[in-house]
Amino acid sequence: MTKAEKIAFTISTLQELYPEIPVPLDHKDPYTLLIAVLMSAQSTDVRVNKITPLLFAKADNPYDMVKLTVDEIRTIIKPVGLSPMKAKGIHGLSRILIDKHNGFVPQELEYLEELPAVGHKTASVVVSQAFGIPAFPVDTHIHRLLYRWGFTNGKNVVQTEKDAKRLFPRELWNDLHLQIIWYGREYSPARGWDMDKDIITKTIGRKKVLNEYYKKKKTRL
């Protein structure tokens with residue numbers, strides 16, 4: 001297969017598997033999405049979706065959030081991990097949204113990245129999922145899969161994002177990044193990986209990755 005054929009195969013397979021794409025984090029507007037994505041760092045979406053309703057019952061907008069203390073926020077979000085840093089970030093960014101953006105979440109990446117505890121990936125998720133602006137947020141699933149599929153050298157997420165944006169059509173970025181996340185969780189996980197179920201990697205995967213997989217499988221038999 002040529003690189004173009006591999007890309008076309010990957011896109012068509014993902015579209016067939018996920019014609020309707022669920023958004024992993026529960027939210028109702030850009031602000032609640034921003035908070036949920038911030039909370040998801042080094043945590044699971046399932047855990048975050050259990051905790052955000054408790055936080056949003058007390059404060060689902062920046063004006064109510066700044067009425068809470070950092071300690072009050074930290075106590076609520078403690079189960080998601082890294083709660084001291086995340087609580088400071090949530091309180092601090094809520095104050096900045098009020099002071100600089102009239103309480104609204106900005107649509108521009110550069111303004112989002114200025115907010116405390118908001119990195120490039122979080123900002124990219126917000127612009128793509130809340131505002132429909134093309135972005136390609138790269139998480140561990142996407143980083144792992146694009147390396148397995150031979151679409152990036154896998155050195156770091158910055159390079160992986162550049163490669164993804166170069167290879168895939170811009171109008172598909174927002175859907176594709178979610179489709180790849182779901183595919184990684186269901187068919188190509190980091191642990192408990194079964195190549196027989198992983199149709200994309202089995203068909204177009206990097207030779208080195210395939211060889212290592214089958215070598216390990218042989219030693220286990």
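In the predicted model, helix H8 (120–131) comprises 12 residues and spans 16 Å between its first and last C-alpha atoms, close to the 16 Å expected at 1.5 Å a residue. The buried residues of H8 are Thr-122, Ala-123, Ser-124, Val-125, Val-126, Val-127 and Ser-128. These buried residues pack against three helices, namely helix H2 (30–39), H7 and helix H11 (173–186). Just after H8, the backbone at Gly-132 adopts a positive phi of about 70 degrees.

Positive phi values also occur in the loops on either side of helix H7 (109–113). Most residues other than glycine have a negative phi. Ala-117, in the loop between H7 and H8, nevertheless has a positive phi near 65 degrees. The relative accessible area of Ala-117 is 37%, so this residue is classed as partly exposed, the class that lies between the limits of 20% and 50%.

The second such residue is Asn-102, which is not a glycine yet has a positive phi of about 55 degrees. Asn-102 is located in the loop that connects helix H6 (83–101) with H7. With a relative accessible area of 60%, Asn-102 is exposed, because the cut-off for that class is over 50%. Ala-117, by contrast, is partly exposed.

Methods:
Residues numbered from 1 in each chain as written. Predicted model: local features only at pLDDT ≥ 70, side-chain atom pairs only at ≥ 80, totals over all residues. Heavy atoms only, no water. Helix = DSSP H or I, 4+ residues; strand = E, 2+ residues; numbered from the N terminus. Buried < 20%, exposed > 50% of the residue type's maximum accessible area, 1.4 Å probe, protein only. Expected span 1.5 Å × (residues − 1). Contact = heavy atoms within 4.5 Å.
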